Amino acid sequence: MGGAYERKGYQLEELLRHAGWADPPEYDGSPRVPWLRDQLTERADSHAEVERLLCRVCDPIEYDDGAATADDFRAVVNEKLAPEGLVVTLIGGRPVIGELTAEGEQPRYSVPPEIRKRLGSLITDTGAVDMLTRRVEETQACEAGGAYTMAIIGIGSFVEGLLLTVLTERDNDIRANGFVNPRQQSQRIKADRATLEMLIDITHAKDWIQLDAKKFAHNVRDFRNFIHPRKEMSEQPRFDADSVMLCWAPVHAILNDLEQNLQPIGS
């Protein structure tokens, strides 16, 4: 209040919209703080929307001077989140929420909250939602059982399925004609031949995910390629639980960006 980044009522409405809230409320002219508190209370059970709002407040793209102000907001938000055992951190330049460890030092990342519900807001095909949800569940089983390489491969396959489905559903040209060949623009590539590299780059080119999310997604893609035994034998990555955790973090960023930039299904 009274500072350089004090927001007027209509700007609070914009903040909720920028955070990708479904059916964002219209500011009614009432006192701003009680109004915003009421909106948060009404969405208290929607963990994904609350998470996106917290991340948006701490996102460098929200401020003219970027990280300088975002870092100040992140410090204040994290002070309030600490008793909940949560923390907002920057992973690859994108804000994501992690769980504090028992020591309170290093955050941990896992499956994004309300994953099935969130997929349903992005994807029309319920069969695809079912398949992607199963991929997540199987990935969690691998992670819990110490099969870390397979868990990382599972995360990469989830990202591939998510981006492929969203692009083919949301882009009429891609659905009808396939993907433009990045090496020869006059050629088209069928959806079943599109690589994860292409899917990431095209999603970013459409401004559906931020540059930092794109870069970190490519790291997940590279890890996913250890599905090939020859690559694993050559590089001997020695994945562990922390490796899996670091691959979940960009999934949070990708989902947040998609939800902020795409109209929810049914809205």
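Y63 counts as buried in this predicted model, with a relative accessibility of 7%, and it belongs, together with Y5 and F73, to one aromatic cluster. The structure holds 7 aromatic pairs, and two of them are described below, followed by a contact between a charge and a ring and by the enclosed space in the model.

**Aromatic cluster**

- Among the aromatic pairs, of which there are 7, Y5 and F73 have ring centres 6.5 Å apart and planes at 90 degrees, and the pair is therefore edge-to-face, since planes over 60 degrees apart fall in that class.
- This pair joins distant parts of the chain, with Y5 in the segment that precedes α1 (9-18) and F73 in helix α4 (residues 67-81), a separation of 68 residues.
- Y5 has a relative accessible area of 35% and is partly exposed, and F73 is likewise partly exposed, at 25%.
- F73 also pairs with Y63, and here the rings are stacked, with 5.1 Å from centre to centre and 15 degrees between the planes.
- The pair of Y63 and F73 again links distant parts of the chain, as Y63 lies in the loop between α3 (47-57) and α4 while F73 lies in helix α4, 10 residues apart.
- F73 thus takes part in an edge-to-face pair with Y5 and in a stacked pair with Y63, and the three residues Y5, Y63 and F73 make up one cluster.

**Charge over a ring**

- The charged end of K231 is placed over the ring of F226, at 4.8 Å from the centre of that ring.

**Enclosed space**

- Empty space left between atoms can be found by rolling over them a probe the size of a water molecule.
- The model has 1 cavity of 30 Å³ or more, and the largest cavity contains about 50 Å³ of space.
- The lining of the largest cavity consists of C55, R56, D59, R94, P95, A253, N256, D257 and Q260.
- At least two lining residues come from each of α3, β2 (94-100) and α12 (241-261), and α12 gives the most to this lining, with 4 residues.
- Sorted by class, the residues that line the largest cavity are 3 nonpolar, 2 polar and 4 charged.

Technical notes:
Residues numbered from 1 in each chain as written. Predicted model: local features only at pLDDT ≥ 70, side-chain atom pairs only at ≥ 80, totals over all residues. Heavy atoms only, no water. Phe/Tyr/Trp six-rings, centres within 6.5 Å; stacked < 30°, edge-to-face > 60°. Buried < 20%, exposed > 50% of the residue type's maximum accessible area, 1.4 Å probe, protein only. Lys NZ or Arg CZ within 6 Å of the ring centre and 35° of its normal. 1 Å grid on protein atoms, 1.4 Å probe; cavity = no way out; pocket = protein on both sides within 12 Å on 5 of 7 lines; lining within 4 Å. Points joined across faces, edges and corners; volume = space filled by probe spheres on them. Nonpolar A, V, L, I, M, F, W, Y, C, P; charged D, E, K, R; others polar.
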